[in-house]
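The following paragraphs offer a guided reading of one structure, moving from its interior to the packing of its helices. Please consult the sequence and the coordinates while reading.

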Amino acid sequence: MRTDTGQVFKLEDYRPNDYLIPETNLTFRLSPQATRVIAVLTVERRGGVSASAPLVLDGDGLTLLRVEIDGRPLEPADYMATPDQLTITTVPATPRFQLVIETEVAPAGNETLMGLYRSSNVYCTQCEAEGFRRITYFLDRPDVLSVYTVRIEARRDEAPLLLSNGNPVESADLTDGWHYAVWHDPFPKPSYLFALVAGDLGKVTDSFVTMSGRKVELGIYVEPGKEMLAGYAMDALKRSMRWDEEAFGCEYDLGVFNIVAVSDFNMGAMENKGLNIFNDKYVLADQETATDADFANIEAIIAHEYFHNWTGNRITCRDWFQLCLKEGLTVFRDHEFSADQRSRAVKRIAEVRTLRAHQFPEDQGPLAHPVRPRRYREINNFYTATVYEKGSEVVRMIRTILGDETFRAGMNLYFERHDGQAATIEDFIKVFEDASGRDLQQFALWYHQAGTPNLTVSSTHNPGSREFTLEIEQSVPPTPSESRKRLMHIPLAFGLVGADGEPVAYSSVEGATVENGVIHIRKRRHVVRFSGVAERPAVSLNRGFSAPVTLSVEQKADDQFFLAGHDSDAFSRWQAFNTILTDALIAAFRQILGGKPSVFASRLTDLAGKIAGDETLEPAYRALALALPSEADIARDIGKNIDPDAVFRSREALALAIATANKKLFSDLYDHLVDDDAFSPDAASAGRRALRNILLDYLSLLPAGRELAADHFHSATNMTDRAAALTVLAHRHHGSPEAIKALADFEAVYADDPLVMDKWLQIQASVPGPQTVDTVRALTRHSAFSMANPNRVRSLIGTFSSANQTGFHRADGDGYRFFTETVLEVEKRNPQVAARLATALRSWRSLEPGRQAKAREALLAIANAENLSADLRDIVERTLV
Ligand code: 0A1
Ligand code: ZN
């Protein structure tokens with residue numbers, strides 16, 4: 001384990017290395033305990049660099065067996081080797097030389113899942129961000145691009161399949177039951193995109209003909225016997241390949257494209273050139289085992305990794321500070337893909353919910369950082385919602401500002417100008433400046449400045465002068481190490497809506513640039529005057545969520561209700577109703593704290609019924625509208641002094657009020673939505689299931705709700721319905737005979753399917769209430785659980801600590817004690833997963849004082865543990881500041 005060196009990496013310290021490695025030849029002789037790696041590197045000194053400049057290569061826990069230059073072993077005086085560095089002090093005077101390095105690594109004992117490791121007897125690699133240095137000494141940085149040739153040798157019985165990046169070159173038998181394969185990747189790439197897979201895997205094949213008529217062989221490799229679960233992923237891959245040609249002109253460039261699913265993986269998936277490696281959770285699916293959400297995730301992640309071929313691989317990052325250059329852009333691309341494959345409005349609402357649930361708390365807490373950070377201690381901790389999701393929103397804003405066509409011209413310029421390069425955010429912004437002739441320097445603050453901007457908006461209408469005025473003021477709250485903020489350029493899409501629901505015309509506008517329905521906020525305060533407006537309109541703000549900001553709007557409740565029923569922008573219509581719900585929940589929270597009963601306006605509960613039954617709206621949209629803000633959403637909107645038990649009670653009270661007021665309507669609709677057709681994972685069918693399942697959630701609160709949920713569970717013909725019913729039983733009817741039986745039945749059927757058992761763990765880990773910590777403790781000893789597998793850890797421990805507000809934040813601090821123990825235990829094997837778990841306490845300062853003190857104790861207990869990894873120390877120390 002890499003312990004903390006305390007070193008801080010700074011953007012301004014970037015300089016290119018003195019050396020390049022244009023060619024890399026690797027030979028692997030695979031064995032679980034002692035794999036030999038021979039690296040033959042062509043090293044080149046960059047022009048102008050002194051011949052005496054040492055060559056310093058990165059390593060991480062390596063054992064060096066041999067080092068030679070141009071065919072001669074190095075003298076001990078000519079180099080220095082530690083497990084973490086190889087320094088060659090005497091370098092040949094020639095500008096180019098050949099360096100041979102032989103190392104030995106032990107994939108079997110590697111539980112960090114970085115570098116070369118074994119997952120269920122399959123050899124696989126994970127090199128992003130700095131895992132390649134666990135395989136051999138190298139210039140392990142993204143601006144060193146090399147052409148790789150890889151020879152893999154293994155025992156045929158142990159590893160009949162041998163894969164690496166690029167195209168297959170040759171393969172044959174060796175003596176003693178061994179065999180080999182050689183792969184060559186003609187595209188120069190950074191070391192983080194290197195991959196190797198070897199083992200016994202099942203294969204699903206297909207092919208794709210690119211826009212210029214080249215045939216690409218496609219392969220998806222899975223655990224033998226699971227081939228029939230890879231069909232959806234293969235279909236998603238082909239749709240992604242076509243879409244990228246149509247939407248961005250991006251054509252695939254190798255003769256093969258392979259995907260391998262492994263069961264031990266730290267993240268979702270990895271875009272290694274021509275050989276994507278996936279967490280099997282994002283490949284394997286059928287109606288029996290996967291929910292609609294799983295299908296949607298598979299589609300999105302298959303697309304995401306595939307799209308990296310151009311945004312990430314062909315054009316990579318100069319350094320890790322530029323991570324958002326590939327990630328924010330590729331998330332934007334996968335969002336657009338899913339929007340085109342499904343319903344754009346529904347997709348946008350889901351994206352915004354995710355952004356608010358994950359990125360807003362990050363941006364508003366101690367771990368806030370700019371989309372392009374300037375400092376890091378551990379790069380693994382910067383694969384964040386800010387880099388990915390906010391990074392994507394920033395790209396979306398560029399498109400909003402430029403318009404579709406100019407944006408596309410900018411993207412074309414980006415591909416033309418930077419193909420084959422390791423680029424920066426400045427390069428990215430420049431292509432859009434050049435394509436549009438606009439100055440985007442103020443806009444670029446979105447990359448440089450952390451924090452969620454807030455817009456305070458108020459409006460007045462003067463019927464006499466027929467003038468409608470919006471006063472808009474921006475502020476960006478201080479974030480760690482950035483106390484003073486500069487003024488941002490915020491594209492605020494808006495609409496003025498008349499009493500008939502139609503857009504209100506105006507003759508002229510002054511006070512801000514307004515183009516194509518977007519107000520460009522650039523100053524601290526804008527007074528935007530619309531002339532020729534006879535009647536007071538309702539204002540629909542941040543349509544389509546044009547900017548990732550919070551709004552403080554002085555708006556009449558009547559306007560909110562009006563917009564929730566009439567806004568022509570589907571996102572804003574959803575937003576209006578969501579705001580109504582949030583306001584009601586916050587009021588109920590205060591009533592509960594004041595010892596008063598919660599009361600809800602009948603026009604609110606009536607509107608919920610109207611939306612549920614509105615056949616002009618897509619079922620998926622109705623389901624999203626009826627989903628109450630989560631406890632974490634409510635807590636975030638309250639902001640401080642949070643008592644999670646009171647939040648929970650307010651939410652339950654509102655759910656009960658909505659269910660009670662709409663009993664008959666919900667029940668009829670629930671019956672009507674029953675689906676007798678053959679299962680399809682498509683968005684429309686999924687939307688109907690989503691609506692029916694949220695209705696079940698409401699109906700379960702009413703008399704006979706428990707029986708209804710039990711029926712729903714036992715008659716379910718797909719995992720979406722089964723998991724939804726099990727959640728309702730376990731959460732709302734905890735401990736009931738129906739809940740106990742359903743959990744037991746589920747376990748009996750799926751005991752041998754780890755991915756399905758993850759759902760079983762998740763559902764139990766999220767049961768509200770103080771008793772759940774004991775359940776979770778007990779489940780850590782269940783045979784379905786393993787501390788060594790990231791999916792299991794995230795399902796049980798991750799769900800408990802980040803999705804169970806009342807259980808985790810139990811008033812006596814026992815949830816936190818369990819958390820400390822477990823995080824430290826996971827850390828011993830896998831620091832990266834432990835560090836991610838530890839972010840569950842990032843919002844600890846918004847809790848009420850009692851819980852706050854206990855949460856701090858828990859964080860301090862982690863911080864004071866001995867030999868803390870760099871990953872965990874970085875998170876815990878920043879969280880405590
Ligand atoms: N580049 C991948 C994410 C990723 C990052 C680090 C990893 O190491 C454990 C794995 C994957 C993506 O954006 O999909
Ligand atoms: Zn990515």
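In this predicted model, Val-283 serves as the point of entry. Apart from its neighbours within four places in sequence, Val-283 is in contact with Ile-220, Val-222, Ala-230 and Ala-233, and also with Ile-259, Ala-261, Phe-278 and Ile-298.

Val-283 also belongs to the largest nonpolar core, a set of 254 residues. Together with Val-197, Val-260 and Ala-838, Val-283 is among the residues with the most contacts inside that core. Helix 10 (residues 570-593) supplies the largest share of this core, namely 10 residues. In soluble globular proteins, nonpolar side chains tend to be buried together.

Ala-838 leads on to a pair of helices. Helix 25 (residues 831-838) packs against helix 27 (residues 870-880) at an angle of about 15 degrees, and their axes are 8 Å apart. Because the angle falls under 35 degrees, the two helices are roughly parallel. Their crossing is right-handed. On the side of helix 25, the residues involved are Pro-831, Gln-832, Ala-834, Ala-835 and Ala-838, which meet Asp-871, Leu-872, Ile-875 and Val-876 of helix 27. Classified by type, this contact comprises seven nonpolar residues, one polar and one charged.

A further pair is formed by helix 4 (residues 344-363) and helix 12 (residues 619-626), whose axes lie 9 Å apart at an angle of about 25 degrees. Helix 4 and helix 12 are therefore also roughly parallel, but here the crossing is left-handed. Ala-345, Val-346, Ile-349 and Ala-350 of helix 4 make the contact with Ala-620, Tyr-621 and Leu-624 of helix 12. This contact has seven nonpolar residues, with no polar and no charged ones.

Definitions and conventions:
Residues are numbered from 1 along each chain as its sequence is written. Chains are lettered from A and ligands numbered from 1 in the order in which they are written. This is a predicted model: local features need pLDDT of at least 70, side-chain atom pairs count only at pLDDT 80 or more; totals for chains, interfaces and linings use all residues. Axes are lines fitted to C-alpha atoms, for helices over the stretch in contact, and angles run from 0 to 180 degrees between N-to-C directions. Helices (H or I, at least four residues) and strands (E, at least two) are DSSP runs, numbered from the N terminus. Angles under 35 degrees count as roughly parallel, over 145 as roughly antiparallel, 65 to 115 as roughly perpendicular and the rest as oblique. A crossing is left-handed if the near helix is turned anticlockwise from the far one by less than a right angle, and right-handed if clockwise. Two residues are in contact if their C-beta atoms, placed from the backbone, lie within 7 Å. Ala, Val, Leu, Ile, Met, Phe, Trp, Tyr, Cys and Pro count as nonpolar, Asp, Glu, Lys and Arg as charged, and the others, Gly among them, as polar. A nonpolar core is a set of buried Ala, Val, Leu, Ile, Met, Phe, Trp, Tyr and Cys residues joined through C-beta atoms within 7 Å. A residue is buried if 20 or more other C-beta atoms lie within 10 Å of its own, exposed if 12 or fewer, and partly exposed in between; C-beta atoms are placed from the backbone.
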